[in-house]
Amino acid sequence: MGTTIDISYWGLGIGMLLLLVPLYFFHHFKTGLVKPTIVGAIRMIVQLFLIGIYLKYLFLWDNPWINFLWVFIMVFVATETALSRTRLKRRILMIPLAIGFLASAILVGLYFLGVVLRLDNIFGAQYMIPIFGILMGNMLSSNVIALNTFYSNLMREQQLYYYLLGNGATRHEATAPFVREAIIKAFSPAIANMAVMGLVALPGTMIGQILGGSSPNVAIKYQMMIIVITVAASILSLMTTLWLSARKTFDSYGCIRQVFKE
Amino acid sequence: MLRIENLGIQFGQTELFSHIDLHVKKGELVCLTGPSGCGKTTLLKAIMGFVPPHTGTISVNGITLSPRTAYHIRHQVAWMPQGLSLPCERVREMVHLPFGLKVNRGVSFSETTLLDHFNTLGLEKGLLDKRLHEISGGQRQRILLAITAMQEKPLVIIDEPTSALDHASTEKALQFVQQLAAKGKTILAVSHDPRFIEGCGRQYKISD
């Protein structure tokens, strides 16, 4: 396959001008999205350039300890971001989220690198960092949706929870309807996306690999695996978080505590 | 069957009630009465461990309520809360809810028995396939009463089972509850309805 064609800074600038199209319509319809879009675009540019610099050195050093340190930093940032996007008390979710993210990423990520790819060095930066990164991003978005759905429904539909509990349900049974709703809401988009993949949308990882010079045959196999490992890691991290947070969500009698910030 | 001794409940520094002693034997039908806000519903919730006792003890079938035993006590309880509104689409879905629980696995759900209960309570069979928003509050109360009866639990706790019923339906609901007690179920109810209170074997008044 061919080599990647670099995008010049001039070309990047010209490309960024396309943002004027959404900005025009956001402004025209008074959506209030103009400022967030500009701020978001500036943040994206700065963050991605910084990430580019970090990754350059991570690949250069290629040290497992430094790679793991990077994974810990990703877990910390993902946990903080998830906490800021839910109205839940920090003491309820912080440790469960961090453990959920870390354990799921390590379990699924290393399974993919070690068992599926059979790499000699599964802690190598070239594979470990992007795979853990994509897992973390997907776990973050699905966890935020699922946790918000779970806790909001649990607080709103307390009658259902207590009705089941009072009629002899275990706590696991009484929370099952809420877990079910949370899973449906968080994972339906991913499942719908999976069903139309390749027909309606060509996914980012695959495009990236093809642009990077891989054959489409290799790219589709990676794409399939990426979808499977992101869904697996996301559900594992969600279940771990819910299981670990239960102790602080319910009291010793199974009654719901105040979980949202005042 | 149910023993409540020296029970006191308080929220923060505010005492709701204290020194409650109530013993209910197997097959008895007891109604808790008293003015609104005196703690009748709270007492029912305390039996299931939803409101922790400040003083005293609660025991069901010899099991004293504690965090460790709350689950075992709830195993023996069929509970119909007051003004229950469940997020179900259809009546059938609401009816089946408790029967999906492990505790009711040994209970074979019989639609014939349910429809018999519907008949006794003056409900039409067709209600089962209706959407929840299509039925009245009184119909919902009687359906919940039927569901509560169908769970083969020794202790039945019902909170205001007739608050949305007319005179004739109240009579039917009362007879239904009396028949349950006659079959050996222990029933603890809360009601403001004079006819229902009068029809219960014993009344226990909680004062302000």
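**Exercise 1.** Let's start with a motif in this predicted model: which elements of chain B make a right-handed β-α-β unit?

*Solution.* The unit is built from β7(B), helix α6 (residues 167-182) of chain B and β8(B). Next, look at how the two strands meet: β7, residues 155-159 of chain B, runs parallel to β8(B), and five bridges join them. One place to spot this is Val156(B), which stands opposite Ile187(B) in β8(B).

**Exercise 2.** Find another strand that pairs with β8(B), and say in which sense and over how many bridges.

*Solution.* Go to strand β3 (residues 29-33) of chain B: its pairing with β8(B) is parallel and has four bridges. Here, Cys31(B) sits opposite Ala189(B) of β8(B).

**Exercise 3.** Work out why strand β8 of chain B is described as largely enclosed by the rest of the structure.

*Solution.* Begin with a general point: side chains in a regular strand alternate between the two faces of the sheet. Now check each face of β8(B). On one side, Thr186(B), Leu188(B) and Val190(B) are buried, and on the other so are Ile187(B) and Ala189(B). Five of the five residues in β8(B), residues 186-190, are thus buried, so the strand is largely enclosed by the rest of the structure.

**Exercise 4.** Describe the side of chain B that touches chain A: how many residues does chain B give to the contact?

*Solution.* Chain B gives 22 residues and chain A gives 17. On the chain B side, α2 (70-75) and β6 (77-80) are the elements that supply two or more residues. The largest share, four residues, belongs to α2(B). By type, this side has 16 nonpolar, four polar and two charged residues.

Conventions
Residues numbered from 1 in each chain as written. Chains lettered and ligands numbered in written order. Predicted model: local features only at pLDDT ≥ 70, side-chain atom pairs only at ≥ 80, totals over all residues. Contact = placed C-beta atoms within 7 Å. Nonpolar A, V, L, I, M, F, W, Y, C, P; charged D, E, K, R; others polar. Buried ≥ 20, exposed ≤ 12 C-beta atoms within 10 Å, placed from the backbone. Pairing = 2+ DSSP bridges. Right-handed = clockwise from strand over helix to strand, strands pointing away.
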